[in-house]
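Please open the structure in your viewer and keep the selection tool at hand. The stops below are meant to be taken in order.

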Amino acid sequence: MTDATSAKSSHRHHWRRELVELAALFTAVAVADAVANTIAHGPSGPVLLCCSAVVLIATAAFHTWWARRHENAPPPTDTGAAAPKSPGAPQEERRETALWRMRTTVRDEPGSLAALCTALAGHRVDILNLQTHPLSDGTVDEFLLRAPAALLPADLTRTVAAAGGAHTWLERADAHDLVDAPTRILGMATRTALDSAELPLALRQLLGRCTIRSVPARTRNAQRDTEPVPEEGILEEHTMTFRDPSGGSVTIERPHLPFTPTEFARVRALVELDARLGQRVPPLRDVLTLPEGNPITVRRADPSDLAAARALHDRCSARTLAMRYQGPVADAERYLNHLLSPRFGRTLAVETASGRLVALGHLLWDGEETEVALLVEDAWQRRGIGAELLRRLVQMAADAGCTSVYAITQASNTGMVATMRGLGLPLDYQIEEGTLVITARPAGVPVRPAAARTAPDAGPRTQ
């Protein structure tokens, strides 16, 4: 019933009540007049009039009290309606919920999105954020949802399909996804502007699970591996390719979910920003004192340290290099170029007071996982340098949002095992044909068993 209809009904109800009261008043006056005439001509007229006045006053007072009592009384309880919740009762908003990221394709027709939202509301799913990615034959809608924890992912997917959604993709979200898209992208741009090593991390944060491959411009024979990438980049269904500022190309692959033109434009903007700013590493230098009193400096390394890194390799024994690379080092300059490039991770260098490079620690992006590797000159081993580098690398991995870090070494490398144990984190050990893989989680979460990783060869990783 609308407000206008309710007002008319209430107005009509008041007129009826007033007419009844007016009729009752006239009747009472007539009766009172008849009674007064009868009493006035009787022997006890004044006494009866006084008694009648007292009775009328008492009746009026009782009527007023009764009316006020019923006016303030609560409305009658409807057994079919939901009773109001007491303050101590559990509220519906306190039910356990789960965050989901969902992407689905809907028809580009009026009412398509409304039907999908209505279907989600039917399961008490709250839409916290919505982004649209227009396509030529439809629209890809990306949702951040808060759903009841009891709602199964399969049920949610079936609900979306019944409402017209197609090619639905669903994964769990966390509190970091509550930040709106423009704020997240501005944060990624800021991180990329400050540090070249942040670009791969920003791209993974923007696109979710994906593989980023950097391909050099030329091979050892100075011949191009592939045709040059157009300046605007290449967008395919599951692949995006851009020019690498250092030469070659950067390819991003996501087999489980197609890329959209909107994502392509965002990635291209980040890559162009990185290209315009050039190679950059934060100028951070920490001076530490070893137990024996020698000062050392820990800083970020970059490709400009290539000559010093090669000299470090020349001073290391064959056994130290074999422990580090699980075999002989071939084409060391090309491998060091890979390790020192911020495109593949971050590298920490340790210098003596005279500026001599005596240790390197690498944090390498490897798909969804992260590898740590250490190389310490023989004369500077067993002085705590490796432990300090490893602690800093693991902290950097945690700050970057990496869920796990692993180190590959030989089973006989007791020094690396002791250094990993010194982190104080749960460790997972896997041995295969003499190769030891030690996995730790920066957050201290118990490590889940994973498939054994193969030891890398002397060539650089491309993933």
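The tour of this predicted model passes from strands to a pocket and then to a single residue.

**Strand 1 and its partners**

Begin by selecting strand 1, residues 97-106. Eight of its 10 residues are buried, so strand 1 is largely enclosed by the rest of the structure. Add strand 3, residues 139-148, to the selection: strand 1 and strand 3 pair in the antiparallel sense over 10 bridges. To inspect this pairing, display Met102, which stands opposite Phe143 in strand 3. Next, add strand 4, residues 166-172, which runs antiparallel to strand 1 and is joined to it by five bridges. Here the residue to display is Trp100, with Arg172 of strand 4 opposite.

**A four-stranded sheet**

Clear the view and select strands 5, 8, 7 and 6, which form an open sheet in the order 5-8-7-6 with antiparallel pairing. Strand 5 (211-215) and strand 6 (234-235) are the edge strands, each pairing on one side only. Focus on strand 5 and strand 8 (residues 249-253): their antiparallel pairing extends over five bridges. Within this pair, Ser214 stands opposite Val250 in strand 8.

**The second largest pocket**

Move now to the second largest pocket, whose volume is about 670 Å³. Its lining comprises 30 residues, and the closest to its centre are Gln381, Asn413, Gly415, Met416 and Thr419; selecting these five residues is a convenient way to centre the view. Which elements each supply at least two residues of the lining? Colour helix 9 (318-325), strand 13, helix 11, strand 14 (405-410) and helix 12 (414-421) to see them. Strand 13 gives the most, with six residues. If the lining is coloured by class, 12 residues appear as nonpolar, 12 as polar and six as charged.

**Glu377**

From strand 13 (369-376), continue into the loop that leads to helix 11 (385-399) and select Glu377, which lies there. Is Glu377 buried or exposed? Its relative accessibility is 5%, and Glu377 therefore counts as buried. Show the residues around it: beyond its neighbours within four places in sequence, Glu377 is in contact with Leu312, Arg315, Cys316, Arg356, Leu357 and Val358. With Arg356, the side chain of Glu377 makes a polar contact of 2.9 Å. As a last step, draw the distance between the C-alpha atoms of Glu377 and Thr320: the separation is 7.9 Å, although the two residues are 57 residues apart along the chain.

Technical notes:
Residues numbered from 1 in each chain as written. Predicted model: local features only at pLDDT ≥ 70, side-chain atom pairs only at ≥ 80, totals over all residues. Heavy atoms only, no water. Buried < 20%, exposed > 50% of the residue type's maximum accessible area, 1.4 Å probe, protein only. Contact = heavy atoms within 4.5 Å. Polar contact = N/O pair within 3.5 Å; in protein donor to acceptor, adjacent residues only side chain to side chain. 1 Å grid on protein atoms, 1.4 Å probe; cavity = no way out; pocket = protein on both sides within 12 Å on 5 of 7 lines; lining within 4 Å. Points joined across faces, edges and corners; volume = space filled by probe spheres on them. Nonpolar A, V, L, I, M, F, W, Y, C, P; charged D, E, K, R; others polar. Pairing = 2+ DSSP bridges.
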